[in-house]
Amino acid sequence: MKFVLEVDVDAWRPAEETAGELGRILRYWGGNLNHYALKPGDGSAVYDSQHQEVGRWRIVEADGS
């Protein structure tokens, strides 16, 4: 299986802010994954620090389906 994380990064944000926000998202979901079975079909929306949906993560079969 594969863990897929897609996050839209706002082009207007300074690089330092973008890197910090992405780091926060990765830390949050890294700590939150233990609440999921992590089997194909599992996933969730990803939110930034302003509670705006900025992407999704999901578990898929190794072939991508």
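## A first stop: Val 9

Val 9 counts as partly exposed, because its relative accessibility is 45%, which falls between the 20% limit for buried and the 50% limit for exposed. This residue sits in the loop between β1 (2–7) and α1 (15–32). Val 9 and Trp 57 are 48 residues apart along the chain, and their C-alpha atoms are separated by 15 Å. Please keep in mind that this is a predicted model.

## The overall layout

How many helices and strands does the protein have? There are one helix and three strands, and reading along the sequence gives the pattern β-α-β-β. The C-alpha trace spans about 35 × 25 × 15 Å along its principal axes.

The protein has 65 residues, and 29% of them count as buried. Now take the contacts between residues at least 6 apart in sequence: 47% of these join residues at least 24 apart. As for the surface, the protein exposes about 4,500 Å², with carbon and sulfur atoms supplying 53% of that area.

## Charges and their pairs

The protein carries 7 positive and 11 negative side chains. The centres of these two sets lie 5 Å apart. Side chains of opposite charge can pair when their charged atoms come close. Here the count comes to three salt bridges, and we can visit each of them in turn.

Let us begin with Arg 58 and Glu 6, which form a salt bridge whose closest N and O atoms are 2.7 Å apart. This pair links distant parts of the chain: Arg 58 belongs to strand β3 (residues 53–60) and Glu 6 to strand β1, 52 residues apart. Are these partners buried or partly exposed? Arg 58 is partly exposed because its relative accessible area is 34%. Glu 6 is partly exposed as well, with a relative accessible area of 46%.

## Two more salt bridges

Which residue meets Glu 21 in a salt bridge? The partner is Arg 24, with an N to O distance of 3.2 Å. Both residues lie in helix α1, three residues apart, which is about one turn of the helix. Glu 21 counts as buried because its relative accessibility is 12%, under the 20% limit. Arg 24, at 25% relative accessibility, counts as partly exposed.

The side chains of Lys 39 and Asp 42 also meet in a salt bridge, at 3.4 Å from N to O. Lys 39 has a relative accessible area of 46%, so this residue is partly exposed. Asp 42 has a relative accessible area of 13%, so this partner is buried.

## A nonpolar patch on the surface

Where on the structure can you look for nonpolar side chains at the surface? Try Phe 3, Leu 5, Leu 22 and Leu 26, which form a nonpolar patch there. Together they have about 320 Å² of accessible area. The patch draws on both β1 and α1, each of which supplies at least two of its residues.

One member to pick out is Leu 26, which lies in helix α1. Leu 26 counts as partly exposed because its relative accessibility is 46%. Helix α1 is therefore a handy place to return to: it holds Leu 26, and it also holds the pair Glu 21 and Arg 24, while its extent is given by residues 15–32.

Technical notes. Residues numbered from 1 in each chain as written. Predicted model: local features only at pLDDT ≥ 70, side-chain atom pairs only at ≥ 80, totals over all residues. Heavy atoms only, no water. Helix = DSSP H or I, 4+ residues; strand = E, 2+ residues; numbered from the N terminus. Buried < 20%, exposed > 50% of the residue type's maximum accessible area, 1.4 Å probe, protein only. Contact = heavy atoms within 4.5 Å. Areas by Shrake-Rupley, 256 points an atom, 1.4 Å probe, with all protein chains shown as cover. Lys, Arg positive; Asp, Glu negative; His and termini not counted. Charge placed at Lys NZ, Arg CZ, Asp CG, Glu CD. Salt bridge = Lys/Arg side-chain N within 4 Å of Asp/Glu carboxyl O. Patch = residues over 30% accessible without salt bridge, like charges linked within 9 Å, V, L, I, M, F, W, Y side chains within 5 Å.
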